[in-house]
Structures are given as structure tokens and as C-alpha cells.
Amino acid sequence: MDDEAHISRGFRSKRREQTTTNRVPPGQYVTTEFPILSAGPTPQTKVATWNLTLQLGSSLLRVWSWAEFEALPQTTVKTDIHCVTKWSKLDTAWQGVTFDDLLKAAGLSEPPEPYVMAHCDGGYSTNVPAADLVGGKGMIVTRYDGLPIPPAHGGPARLLVPHLYFWKSAKWVRRIRFMPKDERGFWESVGYHNYGDPWKEQRYDGD
Ligand SMILES: Nc1nc2c(c(=O)[nH]1)N[C@H]1C(S)=C(S)[C@@H](COP(=O)(O)O)O[C@H]1N2
Ligand SMILES: [Mo]
């Protein structure tokens, strides 16, 4: 009896370990904390003045107020996130608007240019190929664990691109700019990888 219980316990925990291992990219460790990583002070943007701008080059495609953005179709996801400083957090729960729904709301059936720059309150930016945002892969999220995202974690709204290192998930996002040619954002300009696939350990330029 004891042995059986022991074996089955061992078996179960080993399986759980394997499941977890398969979800943790090389060089990462799992944390249950939610670390805060910001290159500058946390902007205190109120939803009353917040808006989101969609830009094609320098021309304006669409601006959503907070109320208009909140009225867009809402999607919830549970996903793992991976920071280049080596922590991964499993099963984070977010709610917001997928890029697909955002494009649709702007009257677009597909991205008008192949590259995107996300611009944030505070001056942070990050570049992502448009293909990595469509097909359900990218969102602009406004809730974490069912509650408004705390300012330190990017509230009122942040980008969520969980299949790339978490620096691509721009906090305090305000402007999405489509670009014909790729440009580098804040971290990408100072030695971080241009694409940032955690499964290929694309941490720094040349990885
Ligand atoms: N605007 C803005 N977005 C940002 C950052 C930042 O400094 N400014 N840091 C990035 C980095 S390096 C990471 S790992 C995540 C951290 O998000 P968190 O503080 O919610 O954990 O946000 C990313 N988005
Ligand atoms: Mo990061």
C-alpha cells in the first residue's frame, strides 16, 4: 500500500515535471512571482485621457478612446511568458483585444505593412513583424487575472506577444505604427536580438 502510494506519487510528480519542462525554453527558470522590469518610471496614465492610435507610416488609420477600445471584442488567454533575464511564468491570464480584431475594427483584413513598431507612454518602443501579431498571436491586453492591469505591469494597456521574449510585450502601449521596412525598438537598438524567440534563445544580437 505504502509502496503503491509512493510509486504513484512519484510517477505523477515526474509527469508534472516533464510537462513543465516542455514549457520552459532553454536557459529559463520558472517563477511564481511576477517580477517588474521597466527601463524608466511607471507612467500614471488615466483611462480618461488614454487612447490607442493605429498608424500607417505617418498617416493616421484610427484612434480608439478607452471606451471605444473596451467595446471591441474581448478575448481571454492563459499563456506562459518568458523574460530575457531568464524567468518564465506559466499560465498567466490576460484579457484584451486580439490584433486580428483590432485590424478588423479599423477596416483592414490584413496588416497593411509587414512590420510594426509599438510606441509607449514614457518613450519605450519595440518592433515586431506584423505576422507575429495576427492569427491570434498578439493582443493588446487590459486585464490581468480578471482585474485592470496594475500600472507597474503596463496598465491601462500593454502589448502581449507571449511567443517572443517578454520585452516585446510593450507596457503602456499607445501607438501601433505599421512600417514597410523593419526598424529597431528600444532594446533592439542596444544589443538585444531583433526577433527574440525564447525557444531559440535569441537573447542578444548574433544569437
Ligand atoms: N513600456 C515599456 N514596456 C516594457 C518594458 C519597459 O521598460 N517599458 N520592459 C519590457 C521588459 S524587458 C519586460 S521583461 C516586460 C516586463 O513586464 P512586467 O514588468 O509586467 O513583468 O515588459 C517589457 N515591456
Ligand atoms: Mo525583460
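How many helices and strands does the protein have? The model is predicted, and the exercises below work through it from the overall fold to single residues.

**Exercise 1. Describe the fold and the packing of the protein.**

Solution.
Step 1. Count the elements: there are three helices and 11 strands.
Step 2. Put them in order. Starting at the N terminus, the elements follow the pattern α-β-β-β-α-β-β-α-β-β-β-β-β-β.
Step 3. Look at burial. The protein has 207 residues, and 43% of them count as buried.
Step 4. Look at the contacts. Where the partners are at least 6 apart in sequence, 66% of the contacts join residues at least 24 apart.
Step 5. Take the surface. Its accessible area is about 10700 Å², and carbon and sulfur atoms make up 53% of that.

**Exercise 2. Work out the surroundings of Asp80.**

Solution.
Step 1. Place the residue: Asp80 belongs to strand E4, which spans residues 75-82.
Step 2. Decide whether Asp80 is buried or exposed. Its relative accessible area is 13%. The cut-off for buried is under 20%, so Asp80 is buried.
Step 3. List the contacts, leaving out neighbours within four places in sequence. Asp80 then touches Arg23, Lys89, Leu90, Asp91 and Pro162.
Step 4. Pick out polar partners. The side chains of Asp80 and Arg23 form a polar contact at 2.7 Å. The Asp80 side chain also comes to 2.8 Å from the backbone nitrogen of Asp91.
Step 5. Compare sequence and space for one further pair. Ala93 is 13 residues from Asp80 along the chain, and their C-alpha atoms are 8.9 Å apart.

**Exercise 3. Find the non-glycine residues Lys86 and Asp91 and describe their backbone and exposure.**

Solution.
Step 1. Locate Lys86: this residue is in the loop between E4 and strand E5 (87-98).
Step 2. Read its backbone angle. Lys86 has a positive phi of about 95 degrees and is not a glycine.
Step 3. Classify its exposure. The relative accessible area of Lys86 is 38%, so Lys86 is partly exposed.
Step 4. Repeat for Asp91, whose side of the Asp80 pairing is a backbone nitrogen. Asp91 lies in strand E5, and its phi is positive at about 60 degrees.
Step 5. Classify Asp91. With a relative accessible area of 39%, Asp91 is partly exposed.

**Exercise 4. Identify the cis peptide bond and say where it lies.**

Solution.
Step 1. Find the bond: the peptide bond joining Gly155 and Pro156 is cis, with omega at about 10 degrees.
Step 2. Place Pro156. This residue is in the loop between strand E9 (147-148) and strand E10 (158-160).

**Exercise 5. Describe how the protein holds ligand 1.**

Solution.
Step 1. Find the site: ligand 1 sits in the largest pocket.
Step 2. Count the surrounding residues. There are 20, and the closest are Pro35, Ala39, His153, Arg158 and Lys171.
Step 3. Check the backbone for polar partners. A polar backbone atom of Pro35 is 2.6 Å from an oxygen atom of ligand 1.
Step 4. Check the side chains. An N or O atom in the side chain of Arg158 is 2.7 Å from an oxygen atom of the ligand. For Lys171, a polar side-chain atom is 2.6 Å from an oxygen atom of ligand 1.
Step 5. Finish with coverage. On its own, ligand 1 has 530 Å² of accessible area, and the protein covers 96% of this.

Key. Residues are numbered from 1 along each chain as its sequence is written. Chains are lettered from A and ligands numbered from 1 in the order in which they are written. This is a predicted model: local features need pLDDT of at least 70, side-chain atom pairs count only at pLDDT 80 or more; totals for chains, interfaces and linings use all residues. Side-chain values use heavy atoms; hydrogens and water are left out. Helices (H or I, at least four residues) and strands (E, at least two) are DSSP runs, numbered from the N terminus. Buried means under 20% relative accessible area, exposed over 50%, partly exposed in between (1.4 Å probe, protein chains only). Contact means heavy atoms within 4.5 Å. A polar contact is a pair of N or O atoms within 3.5 Å; within protein, one must be able to donate a hydrogen and the other to accept it, and residues adjacent in sequence count only if both atoms are side-chain atoms. A residue is near a molecule or strand if one of its heavy atoms lies within 4 Å of it. Accessible areas come from the Shrake-Rupley method with a 1.4 Å probe; for residues, only the protein chains shown count as cover. On a 1 Å grid over the protein atoms alone, a cavity is a set of points where a 1.4 Å probe fits but cannot get out, and a pocket is an open set with protein on both sides within 12 Å along at least five of seven lines; lining residues have an atom within 4 Å of a point. A molecule sits in a cavity or pocket if more than half of its atoms lie within 2 Å of its grid points.
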